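Here is a short report for a reader new to this structure. Look it over first, then read on.

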Amino acid sequence: MYRIVSKKPSDCSSSELEQFVKLVMAGGEVASGLPARVQKAVSLVMLFKDEELVGTAGLKRPETDYHNKVFREARTDKPPAEFPFELGWVYIAPDHRGGKRATPLIEAAMDSSEGVLAFATARENNEAMHHFLKNAGFVLSGVPYASRQNAGPKIVLFVQDAPDGKVAGQAV
Ligand SMILES: CC(C)(COP(=O)(O)OP(=O)(O)OC[C@H]1O[C@@H](n2cnc3c(N)ncnc32)[C@H](O)[C@@H]1OP(=O)(O)O)[C@@H](O)C(=O)NCCC(=O)NCCS
């Protein structure tokens, strides 16, 4: 049986944190500094098949340099400060894909935002991810840009639309 668990990192056991990091790395995330980034996330979302962790998502608190760089490279007119959180680490192990579990995983991560807006990045050709992000209320912003860290297709920036006029948790 599959189940989704969403927790603050401080509420996770060390074994859960280790498994989370391991699976995110299996998904191709850069290992350097990952445990620290996981520890300071807003929430970690875990998809379990029985007792095995088979999927992840997270609402991250991006490092300022990286945050600014993404918005600069995408040449968006949106200010990064308007989008303090980042949706990321969306990964389901290959044997467990195709079960329509990505949307609830992403929704669980976004539920922890308490109205604070988020951004996300995806490869330009990752159409499935674009589909999920648009369904979750994100819109494309700026232009595709080449990743300096990883070769491959360009990166695109998505930002959350703020239909209710909320900016960084404040009503405007
Ligand atoms: C992205 C990922 C989490 C999706 O998980 P999954 O189990 O394959 O997908 P699900 O079964 O939950 O969802 C299938 C959905 O994707 C849609 N989809 C699949 N391929 C698509 C495509 N090429 N274009 C548009 N939509 C697509 C389906 O229509 C379906 O949509 P629906 O749920 O709205 O009906 C998984 O493939 C994965 O881990 N990929 C590698 C990591 C990755 O790319 N992460 C994102 C980094 S930004």
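## Helix 4

This is a predicted model. Start with helix 4, where Thr-103 and Asp-111 are exposed on the other side from the buried residues. Those buried residues are Ala-102, Leu-105, Ile-106, Ala-108 and Ala-109. They sit on the same side of helix 4 because they cover an arc of only 155 degrees around the axis.

What do the buried residues of helix 4 pack against? Their partners are strand 1 (2-7), strand 2 (43-49), strand 3 (52-60), strand 4 and helix 5.

## The sheet

Seven strands form an open sheet. Their order is 1-2-3-4-5-7-6, and the pairing is mixed. Strand 1 and strand 6 (138-145) stand at the edges. Each has a single partner strand, so one side of each is left without a neighbour in the sheet. On average, neighbouring strands of this sheet are turned by 25 degrees against each other, direction ignored.

Strands of a sheet pair through backbone hydrogen bonds, and they do so either parallel or antiparallel. Strand 2 and strand 3 run antiparallel. Seven bridges join them. Lys-49 has its bridge partner in strand 3, and that partner is Glu-52.

## The shell around the ligand

The ligand has 17 residues around it. Which of them come nearest? They are Arg-97, Ala-102, Glu-127, Ala-128 and His-131. Ala-102 is also one of the buried residues of helix 4.

Strand 4 (85-92), helix 4 (102-111) and helix 5 (127-135) each supply at least two residues of this shell. Helix 5 gives the largest share, four residues. By class, the shell has seven nonpolar, six polar and four charged residues.

## Helix 1 and the loop after it

Helix 1 (residues 14-26) lies across strand 2, strand 3 and strand 4. Helix 1 runs at about 85 degrees to strand 3. Met-25 lies in this helix. Met-25 counts as partly exposed because it has 13 C-beta neighbours inside 10 Å. Leaving aside its neighbours within four places in sequence, Met-25 is in contact with Ala-31 and Leu-34. Val-143 is 118 residues from Met-25 along the chain, and their C-alpha atoms are separated by 27 Å.

Glu-29 has its place in the loop between helix 1 and helix 2 (34-39). There are 18 other C-beta atoms within 10 Å of Glu-29, so Glu-29 is partly exposed. Its contacts, leaving aside neighbours within four places in sequence, are Val-24, Leu-34 and Trp-89. Glu-29 and Gly-98 are 69 residues apart in sequence. In space they are 21 Å apart, C-alpha to C-alpha.

## Two residues with positive phi

Most residues other than glycine have a negative phi. Asp-50 has a positive value, near 55 degrees, and is a residue other than glycine. Asp-50 has its place in the loop between strand 2 and strand 3. Is Asp-50 buried or exposed? Asp-50 is exposed, because 8 other C-beta atoms lie within 10 Å.

Lys-100 is not a glycine, yet has a positive phi of about 60 degrees. Lys-100 is found in the loop between strand 4 and helix 4. With 7 C-beta neighbours inside 10 Å, Lys-100 counts as exposed.

Definitions and conventions:
Residues numbered from 1 in each chain as written. Predicted model: local features only at pLDDT ≥ 70, side-chain atom pairs only at ≥ 80, totals over all residues. Near = placed C-beta within 6 Å. Nonpolar A, V, L, I, M, F, W, Y, C, P; charged D, E, K, R; others polar. Buried ≥ 20, exposed ≤ 12 C-beta atoms within 10 Å, placed from the backbone. Arc of directions from axis to C-beta. Contact = placed C-beta atoms within 7 Å. Pairing = 2+ DSSP bridges. Axes fitted to C-alpha atoms, helices over the stretch in contact; angles between N-to-C directions.
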